[in-house]
Amino acid sequence: MDLYIIVFYLFALITIVSAAVVVISKNIVYSAFALLFTFFGVAGLYVLLMADFLAITQLLIYVGGILVLIIFGVMLTTRVIQVDMRTSAIQTVPAVIIVAALAGTLIGMFWSTDWPMAPASQAFEKTTPKIGEMLLTSYLLPFEIASVVLLVALVGAAMIARRERKAS
Amino acid sequence: MAQEIIQLLRTPGLNHFLIISGILFSLGVFAILTRRNAIMVLMGIELVLNAANINFLAFSRYTSGTLDGQVIAIFVIILAAAEAAIALAIVLNIYQNFNTVNVDEINKLKD
């Protein structure tokens with residue numbers, strides 16, 4: 001159990017610190033790479049919550065897919081040659097006030113609420129077979145809709161991003 | 001009092017995960033509110049979605065005992081992937097038209 005505590009605080013630290021770097025860093029490339037560590041930390045927290053399938057999915061889709069997309073976006077929209085990677089911030093003071101109020105409210109609410117706890121089993125169970133079964137039984141309709149959404153997003157992204165071809 | 005705090009820190013439970021997700025959510029909202037670069041705003045949205053996913057998994061583990069929260073988290077990841085692809089395509093298109101991706105400078109519908 002002691003190892004669990006150490007690993008929990010390690011992943012919590014990685015997540016929070018690298019998320020803070022993402023938000024605060026002026027250099028957008030640093031932000032993109034700090035986002036990598038945030039996703040890793042969140043995947044570690046998923047493992048501690050006994051969601052092995054979700055942790056692997058997080059690594060594959062976020063780190064392997066979304067992060068690469070974001071870095072592509074950075075490369076294509078920033079003038080790399082002129083070393084103009086800096087991005088500025090606006091409205092910092094009101095945003096700090098709003099976000100501090102938001103975080104205080106959320107954390108106070110989390111502490112003061114008496115959540116209905118179910119007896120959490122300590123033994124680890126494989127989640128992949130159960131998730132697969134649920135996706136094809138009780139969540140079949142959302143699963144199919146998600147597949148259509150992905151197809152539409154694929155076609156739509158290709159359609160939006162391609163250059164306009166001159167009518168010849 | 002000190003003993004209680006130490007005892008609390010020594011037993012990571014539901015509240016600890018919820019607080020991490022709360023901090024992550026707040027940082028994401030901060031990025032959305034303050035950054036001018038549209039891609040930084042997208043990164044903030046990803047942080048917010050990750051915070052929501054941590055909440056889903058924590059409640060699924062500690063309060064329900066079923067895997068419904070994990071299935072919902074999978075759908076959140078699917079939608080995040082679709083959203084990232086579409087949003088980056090739009091950002092690239094904006095860059096081609098305006099030659100900037102700063103959200104406060106893009107204030108025209110047409111040139």
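For these entries I take a helix to be a DSSP run of H or I covering at least four residues, with numbering from the N terminus. The model I am reading is a predicted one.

**Entry 1, A:T57.** I looked up A:T57 and found this residue in helix α3 of chain A, which spans residues 52–77. I then asked whether A:T57 is buried or exposed. I noted 19 C-beta neighbours inside 10 Å, and because burial requires 20 or more, A:T57 counts as partly exposed. Leaving aside residues up to four places away in sequence, I recorded that A:T57 touches B:I74 and B:I77. I also looked up A:A43, which is 14 residues from A:T57 in sequence, while the C-alpha atoms of the two are 8.7 Å apart in space.

**Entry 2, A:M50.** I went next to A:M50, whose place is in the loop between α2 (28–48) and α3 of chain A. Its phi is near 60 degrees, and I marked this as a positive value in a residue other than glycine. A:M50 has 20 C-beta neighbours inside 10 Å, and therefore I entered A:M50 as buried.

**Entry 3, chain A as a whole.** I noted six helices and zero strands in chain A, so that, by the DSSP runs, the elements read α-α-α-α-α-α from the N terminus on. Of the 168 residues of chain A, I have 22% down as buried. Looking at contacts in chain A between residues at least 6 apart in sequence, I found that 56% join residues at least 24 apart.

**Entry 4, the side of chain B that touches chain A.** I looked up the contacts between the chains and found 60 residues of chain B in contact with 65 residues of chain A. Which helices of chain B each supply at least two residues of the side that touches chain A? I listed α2 (14–34), α3 (38–64) and α4 (68–98) of chain B. The largest share of that side, 20 residues, comes from α4(B). Sorting the residues of this side of chain B by type, I wrote down 43 nonpolar, 11 polar and six charged.

**Entry 5, B:N99.** Last, I looked up B:N99, which lies in the segment after α4 of chain B. Its phi is near 65 degrees, and I again marked a positive value in a residue other than glycine. I counted B:N99 as exposed, because 10 C-beta neighbours lie inside 10 Å of this residue and the cut-off for exposure is 12 or fewer.

How values were computed
Residues are numbered from 1 along each chain as its sequence is written. Chains are lettered from A and ligands numbered from 1 in the order in which they are written. This is a predicted model: local features need pLDDT of at least 70, side-chain atom pairs count only at pLDDT 80 or more; totals for chains, interfaces and linings use all residues. Two residues are in contact if their C-beta atoms, placed from the backbone, lie within 7 Å. Ala, Val, Leu, Ile, Met, Phe, Trp, Tyr, Cys and Pro count as nonpolar, Asp, Glu, Lys and Arg as charged, and the others, Gly among them, as polar.
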